[in-house]
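Here is a short round of questions on pockets and surface. Look at the model first.

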Amino acid sequence: MAGLGVPGLLLVGVDSLVVGWPVHSFLFSEEELQRLHSAKVAAGQKLFGRGGTALKWYGQDFLMKPRGAQGYEWILENADVSMRIAAQASGGEVFPEVYVTFRSAYLWREGFEAACNSTKDWLSTFADIGEGKVSRADLCADFAMPLPKIDLGVEVVSRGRKRGKYQQIDMSESADWQSGTRATGYQIGKGELMARLYDKREELQQTGKRWFEDLWRENGWDGES
């Protein structure tokens with residue numbers, strides 16, 4: 001989403017998204033189930049460097065990882081998503097049987113709603129899924145402006161809490177980051193409720209996500225700030 005007419009604001013949107021879907025039943029055949037098992041075995045072989053092997057799954061290209069995760073038998077990854085799939089369907093009684101982490105590039109290319117809906121439709125081709133639940137969502141706004149200088153010990157004086165039936169999440173914890181002697185960012189809060197303010201260009205140098213600069217230019221970035 002573009003800057004909405006706010007001075008200095010280049011982008012605002014969802015930068016990270018994790019959604020879990022309960023599965024009432026899997027619709028793939030025994031032969032397809034065996035393909036998943038075989039791909040996982042092959043992924044762990046020395047021939048593939050034990051880093052994964054290619055698998056086309058219901059029209060999409062993935063890398064099958066050689067190991068699952070706690071509660072999940074298979075992990076499939078591509079440039080758009082990382083997807084964990086459980087071996088058994090139980091309607092989400094214990095945990096969501098399909099757990100999808102959306103890549104940042106996918107979210108910005110398609111928009112979070114379109115990316116989520118497209119993935120849901122695709123999942124429905126091989127699983128009877130229920131309503132998805134967001135596990136994590138990072139909202140972000142990118143400004144063309146100098147990084148403010150904040151004295152966390154003096155200027156952060158209030159406590160924000162997310163109040164729920166079973167928990168209170170304290171946002172009073174804070175931290176700052178530096179590159180050499182130069183301040184590069186700040187963090188306020190921890191765990192489920194957190195805010196970060198940081199030098200995005202410094203991050204891009206570390207992550208290689210230079211395509212963000214193209215998005216900024218489309219919304220008036222001068223290429224330097």
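Q: How do the residues of the lining of the second largest pocket divide into nonpolar, polar and charged?
A: This is a predicted model, where local features need pLDDT of at least 70, side-chain atom pairs count only at pLDDT 80 or more, and totals for chains, interfaces and linings use all residues. Residues are numbered from 1 along each chain as its sequence is written, and side-chain values use heavy atoms, without hydrogens and water. Ala, Val, Leu, Ile, Met, Phe, Trp, Tyr, Cys and Pro count as nonpolar, Asp, Glu, Lys and Arg as charged, and the others, Gly among them, as polar. The split is nine nonpolar, two polar and four charged.

Q: Which element gives the largest share of the lining of the second largest pocket?
A: A pocket is an open set of points on a 1 Å grid over the protein atoms alone, where a 1.4 Å probe fits, with protein on both sides within 12 Å along at least five of seven lines; lining residues have an atom within 4 Å of a point. Helices (H or I, at least four residues) and strands (E, at least two) are DSSP runs, numbered from the N terminus. E1, helix H3 (112–123) and E9 each give two or more residues here. The largest share, five residues, comes from H3.

Q: Is Phe 112 buried, partly exposed or exposed?
A: Phe 112 sits in helix H3. Buried means under 20% relative accessible area, exposed over 50%, and partly exposed in between (1.4 Å probe, protein chains only). At 41% relative accessibility, Phe 112 is therefore partly exposed.

Q: How far apart in space are Phe 112 and Gly 13, C-alpha to C-alpha?
A: In sequence, 99 residues separate Phe 112 and Gly 13. In space, their C-alpha to C-alpha distance is 8.1 Å.

Q: Which element gives the most to the lining of the largest pocket?
A: The largest pocket holds about 1200 Å³ of space, a volume being the space filled by probe spheres set on grid points joined across faces, edges and corners. Its lining has 39 residues, with Cys 140, Ala 141, Arg 196, Leu 197 and Tyr 198 nearest the centre. Nine lining residues come from the top contributor, E9.

Q: What is the relative accessible area of Phe 143?
A: Phe 143 belongs to strand E9. Accessible areas come from the Shrake-Rupley method with a 1.4 Å probe; for residues, only the protein chains shown count as cover. Phe 143 is partly exposed, because its relative accessible area is 42%.
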